[in-house]
Amino acid sequence: MTGVPTRTLLLWCPDWPVLAAEIVDGVPAIGPVAVLHANRVVACSERARAEGVRRGLRKREAQGRCPQLTVVDHDPGRDARAFEPVVAAVEEVAAGVEVVRPGACALAARGPSRYLGGEEPAAERLVEHVAQTCAVESQVGIADGVFAAGLAARVGQVVPAGGTPGFLAGLPVEALGRPALADLLRRLGVRTLGDFAALPAGDVLARFGFDGALAHRLAAGRDHRPLAVRQPPADLAVTADHDEPIDRVDAAAFAARALAERLHDRLAAHGLACTRLGIEGVTAHGQELHRVWRHDGLLTAAAIADRVRWQLDGWLSGSTGRPGARPARPTAGIIRLRLVPDGVLAQAGLQPGLWGEVGEERERAHRALSRVQGILGPEAVVTAVLGGGRSPADQVRLVPWGDERLPARPGEPTWPGQDARPAPVEPAGSGAAVGSGAAVGSGVPPWPGRLPPPAPAVVLPAPLAATVYDAVGAPVGVSARLQVSAAPARLVVGTARPVDIVGWAGPWPVDERWWAPAEARRRARFQVCLADGNALLLAVEAGQWLVEAIYD
């Protein structure tokens, strides 16, 4: 522990979680906004506070005080990402910045105060620079130590050198940020930091433990650690300016390879590898283009070049390669190309294979598949990613080889009231029910209404229209109460010949998004065994029978 606290300047952005939600997600911070974690308010906007919303309130109580309240989930990652430009702006004025938390950063006050003409001019310069660079309002506090500087920033005060104990003495014990300790101190009659600091250190340690002793030091104006300054990140991006605008794919491929090799060499010089690549372009007419490519693994120079070429091809040809999606072609050729390694990691951080490097077979397969992509495009090689959902088609997502393998739907179960309202499941009068959607073998329950195992062998890309008849030749229907009009006896798919049904199970109902009429979907599924030996998964929706999948 340090004996003399460092003279510290701390920049604080009020209501930062709310501002981060506005910067990243576009939530208007000028309105009543509350950020919730574990169903309690952790931050709120000024407009929400004017309506009576406070930190610690439950969601229902906060909405009761402010019915027009906009609720945002707490996301520490979002707060940190949005705060990075603010820290970078501070580093443009002064070096040696420590990020205390998203929304607050600190640095030693001596350097900025010396070359900016004093502590108050330094504080004003930082606030002005952050406002001009990031369009973010902030306040600065200067005191002896990070803790006192943070409290001084709340009121925008510069505490004179040596005056920190007096500044802290009149503040309530709640300023320590330890609710349980503050409640206990108040019940003991200790209401201010000055009263707490006056207690003997040995008695505080014996009564409140190590955390209480640490809080006692802070109340007395003695920090427990020095500033942990961060090193400014190296500028790893590479840029290429072109006198002649690039408007042909072959010229774009040549520029992509040269720039990719430069980026790979720069990363290698720092012992890094890229996992997420940002591609930025500026046209001769000033139009700005941007796209981020994610990769499940490390991007080699060739892989970087391929992705840049694919993206330039998509921009210049006005197509992303995905069916039905053709964005507008840029009005002019590209004169500036920039590659930004948005995600990097140390190359030494990869787990090597048993005999040294990563498995040779995996690398050979990776090179072969990447080569096919380089020839035919990124959508030519896809892999399946399993996720959540109620139908076989919902549970599988095809992603291009090398892209980040994230499921389209969360794999965790969605409970009633969140995404579906499951109806009671009862098998029809004939045929044995194979299952009712309960979990089998795994400890994680599936989505309500999800089909039980085994999974179908073939999932049709587009369901086939079908008709189901009973024994007397009348069409079989399912009522709103899941009553089957008669036992299924014969199936006709399209214009094919009828096939007898020798066994069936169902219905298993699914009622999705019932609260949104435009997106609501209600259907029931059946499993049928046919006389020709095939087994099918059928669904009936709005009176229409469909063949969704085929069992092996």
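## Exercises on a predicted model

Leaving aside neighbours within four places in sequence, Thr 164 is in contact (heavy atoms within 4.5 Å) with Ala 143, Asp 144, Ala 148, Val 159 and Gly 221. The model is predicted, so local features need pLDDT of at least 70 and side-chain atom pairs count only at pLDDT 80 or more, while totals for chains, interfaces and linings use all residues. Residues are numbered from 1 along each chain as its sequence is written, and side-chain values use heavy atoms, with hydrogens and water left out.

**Exercise 1.** Place Thr 164 in the fold and state whether Thr 164 is buried or exposed.

*Solution.*
- Step 1: Thr 164 lies in helix 8, residues 164-169. Helices (H or I, at least four residues) and strands (E, at least two) are DSSP runs, numbered from the N terminus.
- Step 2: The relative accessible area of Thr 164 is 1%, so Thr 164 is buried. Buried means under 20% relative accessible area, exposed over 50%, and partly exposed in between (1.4 Å probe, protein chains only).
- Step 3: Among the contacts of Thr 164 is Gly 221. The two residues are 57 apart along the chain, and their C-alpha atoms are separated by 5.9 Å.

**Exercise 2.** Describe the strand partners of strand 6.

*Solution.*
- Step 1: Strand 6 covers residues 104-108, and 4 of its 5 residues are buried.
- Step 2: Strand 1 (residues 7-12) runs antiparallel to strand 6 and is joined to it by 5 bridges. Two strands pair if DSSP finds at least two bridges between them. Leu 11 has Cys 105 as its bridge partner in strand 6.
- Step 3: Strand 5 (residues 98-101) also pairs with strand 6 in the antiparallel sense, over 3 bridges. Here Glu 98 stands opposite Ala 106.
- Step 4: Strand 5 and strand 6 form a hairpin with 2 residues between them. Gly 103 in the turn has a positive phi of about 110 degrees.

**Exercise 3.** How many disulfides does a search of the whole structure find, and why is Cys 44 not bonded to Cys 66?

*Solution.*
- Step 1: A disulfide is a covalent bond between the sulfur atoms of two cysteines. The cut-off is a pair of cysteine sulfur atoms within 2.5 Å.
- Step 2: The search finds 0 disulfides.
- Step 3: For Cys 44, the closest cysteine sulfur is in Cys 66, 9.7 Å away, which is too far for a bond. Cys 44 is buried, because its relative accessibility is 3%.
- Step 4: For Cys 134, the closest cysteine sulfur is in Cys 13, at 8.4 Å, again too far for a bond. Cys 134 is partly exposed, at 22% relative accessibility.

**Exercise 4.** Which loop holds Pro 475, and which residues does Pro 475 touch?

*Solution.*
- Step 1: Pro 475 is in the loop between strand 14 (458-469) and strand 15 (490-493).
- Step 2: Its relative accessibility is 57%, so Pro 475 counts as exposed.
- Step 3: Not counting residues up to four places away in sequence, Pro 475 touches Val 468, Tyr 469 and Ser 485.
- Step 4: Pro 475 and Ala 486 are 11 residues apart in sequence, with 8.6 Å from C-alpha to C-alpha.
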